[in-house]
Amino acid sequence: MVRTTANGQPAVAVYSRGQDGTYQPHAVQVITMTARAISRIVSFNDAGLFPAFGLPTSLPAAAC
């Protein structure tokens with residue numbers, strides 16, 4: 001997971017390890033917080049969104 005933001009809210013980019021050991025984009029999860037806890041997590045399971053967030057389209061195995 002890599003920290004990011006979406007519309008001012010905390011978010012994470014989720015990568016999954018591929019057969020070759022590199023990490024490929026999987027989802028962007030946006031977290032909605034209240035004063036006391038996380039109230040909602042919305043998952044956008046679209047790897048095509050990663051460039052819009054300035055996120056790499058893959059990570060080397062050594063990066064994680």
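Me: In this predicted model, where strands are DSSP runs of at least two residues, numbered from the N terminus, what pattern does the chain follow along the sequence?
Reply: The chain has four strands and zero helices, and each strand is written as β in the order of the sequence. Read in that way, the chain follows the pattern β-β-β-β.

Me: How many aromatic pairs does a search of the whole structure find, and is the pair stacked or edge-to-face?
Reply: The search of the whole structure finds one aromatic pair. Its rings belong to Tyr 15 and Phe 50, whose centres are 5.1 Å apart and whose planes meet at 85°. Planes over 60 degrees apart count as edge-to-face, so the pair of Tyr 15 and Phe 50 is edge-to-face.

Me: How many residues apart are Tyr 15 and Phe 50?
Reply: Tyr 15 sits in strand β2, which covers residues 9-17, while Phe 50 lies in the segment after β4 (38-44). The pair therefore links distant parts of the chain, and its two members, whose rings are edge-to-face, are 35 residues apart.

Me: Is Phe 50 buried or exposed, and why?
Reply: A residue counts as buried when its relative accessible area is under 20%. Tyr 15, its partner in the pair, has 10% and is buried. Because Phe 50 has a relative accessibility of 0%, Phe 50 too counts as buried.

Me: What percentage of the residues of the chain count as buried?
Reply: The chain has 64 residues, and it exposes about 4400 Å², of which carbon and sulfur atoms supply 52%. With buried again meaning under 20% relative accessible area, the share of residues that count as buried is 27%.

How values were computed. Residues are numbered from 1 along each chain as its sequence is written. This is a predicted model: local features need pLDDT of at least 70, side-chain atom pairs count only at pLDDT 80 or more; totals for chains, interfaces and linings use all residues. Side-chain values use heavy atoms; hydrogens and water are left out. Rings of Phe, Tyr and Trp (its six-membered ring) pair if their centres lie within 6.5 Å; planes under 30 degrees apart count as stacked, over 60 as edge-to-face and the rest as tilted. Buried means under 20% relative accessible area, exposed over 50%, partly exposed in between (1.4 Å probe, protein chains only). Accessible areas come from the Shrake-Rupley method with a 1.4 Å probe; for residues, only the protein chains shown count as cover.
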